[in-house]
Amino acid sequence: MSRLLRLALTVSAISLFPAALATASAERLKVVATFSIIADLAANVGGDRIDLTTLVGPDGDAHVYEPRPADARAVAAAGVVLVNGLQFEGFLKRLVDASGTKASVVELTKGIEPLKNADKDPHDHAEGAEASSEHQHEADEAGHDHEAHAHGEGHGHHDHGAFDPHAWQSVHNAEVYVRNISDAFCAADAAGCDTYKANAQSYGAQLSTLDDEIKAAVAAIPQARRTIITSHDAFNYFEHEYGLKFLAPEGVSTESEASAADVAALIKQIREDKASAIFVENISNSRLVEQIASETGLKVGGELYSDALSGPDGPAPTYLEMMKHNIGTIQGAISGS
Ligand code: ZN
């Protein structure tokens with residue numbers, strides 16, 4: 001055997017090691033989560049059996065997200081794509097179509113009781129829809145017909161559906177998400193099913209404790225002090241589940257800016273309802289909230305996490321911490337005002 005051949009064999013033997021590692025990780029179930037909150041739920045269920053990619057990361061706004069080429073590649077390679085549904089991810093259909101993925105696309109809101117959109121005034125913001133028309137035809141490069149889901153309300157691409165998508169703001173709904181994630185992982189990776197179910201069960205117990213804590217915290221807030229203001233309508237499920245009243249200048253999507261009339265109506269309502277606190281949100285610009293605060297004499301009570309987690313060093317890097325941070329911030333602002 002020549003020296004050269006021996007050298008070649010040695011090199012290829014060495015290179016087997018990284019190849020073996022690559023194979024081990026390739027066997028993990030490839031999961032894409034559309035945004036940070038469901039990514040955290042997925043990580044709790046999947047543990048180290050999954051290889052998780054998150055499209056809209058910490059502090060990101062999924063309502064107006066524009067996918068990148070890397071997102072299409074991740075979706076194409078995925079075994080499971082976890083999405084919120086209820087038209088939260090406006091970018092989703094074109095991304096899935098363009099990627100050509102064979103993954104099952106699993107809507108985690110399946111099985112919850114959805115709340116209807118636009119039940120609340122004064123933030124029926126239909127007139128404001130024109131304000132964001134610059135988004136309208138930006139992302140046509142894939143050439144897909146994205147008007148297909150228009151429900152005849154006249155905002156076409158901007159129609160965000162009949163239901164409010166922010167279902168994760170009720171812990172009870174998060175428990176449904178976790179069951180759906182566990183079922184999806186079991187269907188895609190039967191060998192891991194016992195692990196997924198056990199993880200879902202132990203995480204579910206933490207959710208149940210969290211739910212009790214939030215209920216106790218809200219119960220300690222006097223009825224007359226339970227009206228609070230945020231920047232967009234992301235907390236209807238929290239309101240419905242726990243009994244605080246949330247008002248917002250913007251509707252359930254951040255796509256459209258609040259009109260002057262929306263803001264004036266909200267300020268009138270804040271005075272009538274004697275709102276006790278106002279909060280900025282991590283995903284949206286704080287300018288409008290600060291304006292409303294100064295016009296009504298309310299002090300900004302802190303930052304709530306509505307549609308995204310914080311980064312790892314922030315106060316809300318997981319779903320459990322996000323919900324605790326939000327109720328703690330609300331309690332602190334109301335008791336300190
Ligand atoms: Zn939102």
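Start with how the chain meets itself: among contacts in the protein with a separation of 6 or more, 68% join residues 24 or more positions apart. Keep in mind that this is a predicted model. The protein has 337 residues, and 50% of them count as buried. Its accessible surface comes to about 15700 Å², with 54% of that belonging to carbon and sulfur atoms. As for secondary structure, you can count 10 helices and 8 strands.

Let's take the strands first. One open sheet has 4 strands in the order β2-β1-β3-β4, with parallel pairing. At its edges are β2 and β4 (residues 104-107), each of which pairs on one side only. Go from one strand to its neighbour here and the direction turns by 20° on average, if you ignore which way the strands run. Strands of a sheet pair through backbone hydrogen bonds, either parallel or antiparallel.

Now look at individual pairs in this sheet. β1 and β2 run parallel and are joined over 6 bridges; Lys30, for instance, has Asp51 in β2 as its bridge partner. β3 and β4 also pair in the parallel sense, over 4 bridges, and there you'll find Leu82 opposite Val106 in β4. How much of β1 is buried? Of its 7 residues, 6 are buried, so β1 is largely enclosed by the rest of the structure.

Next comes a helix that goes with this sheet. α2 lies across β1, β2 and β3, and runs at about 175° to β2. This helix, residues 36-46, is mostly covered, with 9 of its 11 residues buried. Among the buried ones are Ile37, Ile38, Leu41 and Val45. An α-helix has 3.6 residues a turn, so residues three or four places apart point the same way. What does the covering of the buried residues in α2? The list includes the strands β1 (29-35), β2 and β3 (80-83), along with the helices α5 (171-188), α6 (193-219) and α10. Right after α2 comes Gly47, which has a positive phi, near 50°.

On to the other sheet. This open sheet of 4 strands has the order β6-β5-β7-β8, again with parallel pairing. β6 (245-247) and β8 (300-304) are at the edges with a single partner strand each, so one side of each has no neighbour in the sheet. Neighbouring strands here are turned by 35° against each other on average, direction ignored. β5, residues 227-229, pairs with β6 in the parallel sense over 3 bridges, and Ile228 has Phe246 in β6 as its bridge partner.

Helices pack on this sheet too. α8 (residues 260-273) touches β5 and β6, and its direction makes about 150° with that of β6. α9 (residues 287-296) touches β7 (277-281) and β8, and makes about 165° with the direction of β7.

Just before moving to the metal, stop at Arg225, in the loop between α6 and β5. Is Arg225 buried, exposed or partly exposed? With a relative accessible area of 29%, Arg225 is partly exposed. Its C-alpha atom is separated by 9.3 Å from that of Asp273, a residue 48 positions away along the chain.

Finally, find the zinc ion. Which residues supply its protein donors? They are His63, His166 and His232, each through NE2, and Asp307 through OD, at 1.9 to 2.0 Å from the ion. The angles among these 4 donor atoms are 94 to 116°, and the site is tetrahedral. For comparison, ideal angles at a metal are 109.5 degrees for four tetrahedral donors.

Along the sequence, the donor residues follow the spacing H-x102-H-x65-H-x74-D. His63 and Asp307 link distant parts of the chain, 244 residues apart: His63 is in the loop between β2 (50-56) and α3 (69-77), while Asp307 is in the loop between β8 and α10 (319-336). And are these two donors buried or exposed? His63 has 8% relative accessibility and therefore counts as buried. Asp307, at 1% relative accessibility, counts as buried too.

Terms used
Residues numbered from 1 in each chain as written. Predicted model: local features only at pLDDT ≥ 70, side-chain atom pairs only at ≥ 80, totals over all residues. Heavy atoms only, no water. Pairing = 2+ DSSP bridges. Helix = DSSP H or I, 4+ residues; strand = E, 2+ residues; numbered from the N terminus. Axes fitted to C-alpha atoms, helices over the stretch in contact; angles between N-to-C directions. Contact = heavy atoms within 4.5 Å. Donors = N, O, S within 2.8 Å, 3.2 Å for Na, K, Ca; no water. Tetrahedral: all angles 85-135°; square planar, octahedral: opposite > 155°, others 65-115°. Buried < 20%, exposed > 50% of the residue type's maximum accessible area, 1.4 Å probe, protein only. Areas by Shrake-Rupley, 256 points an atom, 1.4 Å probe, with all protein chains shown as cover.
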